[in-house]
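This report covers salt bridges, pockets, the nonpolar core and a few single residues, in that order.

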Amino acid sequence: MTRGRSRRTVTRRRVRERAAHSCEYCGLPESVSDIPFHVEHVVARQHMGDDTLSNLALACDRCNLYKGPNISGVDPETGETVALFHPRNDDWSDHFAFHGPFIEGLTPTG
């Protein structure tokens with residue numbers, strides 16, 4: 001194994017452990033999914049994001065595909081551009097709530 005590959009393996013393991021093997025966007029445990037979770041960039045490389053642990057998050061396939069490389073979105077109620085949820089900087093419960101099996105966004109960020 002090359003040094004770079006070994007470092008990436010260690011980083012991915014650390015991201016999974018930090019996230020307690022759950023999606024950092026919706027909270028779904030990786031153990032209940034048939035699809036392995038992704039270690040993704042919170043701020044994509046195309047937006048000058050880096051490969052540091054603080055910019056990596058564990059994401060289920062749905063959250064990763066829904067978020068994509070975006071760091072902001074348009075609030076459908078106001079038409080304003082708002083930052084998307086950032087699992088290192090934002091408190092999940094400030095922006096989301098569970099209603100039965102569904103997650104409801106409480107703020108434009110959520």
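## Asp 51 and Arg 45

In this predicted model, Asp 51 has a relative accessibility of 46% and therefore counts as partly exposed, since the partly exposed class runs from 20% to 50%. Its salt-bridge partner is Arg 45, with the closest N and O atoms 3.0 Å apart. Arg 45 is at 54% relative accessibility, so this residue falls in the exposed class.

## A network of three residues

The structure holds six salt bridges in total. Through shared partners, Arg 18, Glu 24 and Arg 88 are joined into one network. Glu 24 has a salt bridge to Arg 18, at 3.8 Å from N to O, and another to Arg 88, at 2.8 Å from N to O. The pair of Glu 24 and Arg 88 ties together parts that are 64 residues apart in sequence, because Glu 24 lies in the loop between α1 and β1 while Arg 88 lies in the loop between β4 (81-83) and α3 (92-95).

Are the members of this network buried or exposed, taking Glu 24 as the case? Glu 24 is buried, at a relative accessible area of 15%, which is under the 20% cut-off. Arg 18 is partly exposed, with a relative accessibility of 37%. Arg 88 is also partly exposed, at 26%.

## The largest pocket

The largest pocket holds about 960 Å³ of space. It is lined by 29 residues, and those closest to its centre are Cys 63, Tyr 66, Phe 96, Thr 109 and Gly 110. Two or more lining residues come from each of α2 (61-67), β3 (72-74) and β6 (102-105). Helix α2 gives the most, with five residues. By residue type, the lining divides into 16 nonpolar, seven polar and six charged residues.

## The second largest pocket

The volume of the second largest pocket is about 240 Å³. Ten residues line this pocket; Arg 8, Thr 11, Arg 45, Asp 51 and Leu 56 are the closest to its centre. Arg 45 and Asp 51 are the salt-bridge pair described at the start. The elements that give two or more residues to this lining are α1 (3-18) and β1 (38-41), and α1 gives the most, with five residues. The lining of the second largest pocket is made up of two nonpolar, three polar and five charged residues.

## The nonpolar core

Which residues have the most contacts inside the largest nonpolar core? They are Cys 23, Tyr 25, Leu 58, Cys 60 and Cys 63, in a core of 16 residues. Strand β2 (residues 56-59) supplies the largest share of this core, with four residues.

Cys 60 can be followed further. Not counting residues up to four places away in sequence, Cys 60 touches Cys 23, Cys 26, Leu 28, Phe 37 and His 38. Cys 23 is thus named both among the core residues with the most contacts and among the residues that Cys 60 touches. Cys 63, another of those core residues, is also one of the residues closest to the centre of the largest pocket.

## His 95

His 95 is found in helix α3. At 13% relative accessibility, His 95 lies under the 20% limit and therefore counts as buried. Leaving aside neighbours within four places in sequence, the residues in contact with His 95 are Phe 85, Asp 90, Glu 104, Gly 105, Leu 106, Thr 107, Thr 109 and Gly 110.

Of these contacts, Thr 109 is 14 residues away from His 95 along the chain, and the two C-alpha atoms are separated by 6.5 Å. Thr 109 and Gly 110, both in contact with His 95, are among the residues closest to the centre of the largest pocket.

## Glu 77

Glu 77 is placed in the loop between β3 and β4. Its relative accessibility is 77%, so Glu 77 counts as exposed. Between Glu 77 and Pro 108 the C-alpha to C-alpha distance is 8.6 Å, with 31 residues of separation in sequence.

Terms used: Residues numbered from 1 in each chain as written. Predicted model: local features only at pLDDT ≥ 70, side-chain atom pairs only at ≥ 80, totals over all residues. Heavy atoms only, no water. 1 Å grid on protein atoms, 1.4 Å probe; cavity = no way out; pocket = protein on both sides within 12 Å on 5 of 7 lines; lining within 4 Å. Points joined across faces, edges and corners; volume = space filled by probe spheres on them. Nonpolar A, V, L, I, M, F, W, Y, C, P; charged D, E, K, R; others polar. Core = buried A, V, L, I, M, F, W, Y, C linked by side-chain atoms within 4.5 Å. Buried < 20%, exposed > 50% of the residue type's maximum accessible area, 1.4 Å probe, protein only. Contact = heavy atoms within 4.5 Å. Salt bridge = Lys/Arg side-chain N within 4 Å of Asp/Glu carboxyl O.
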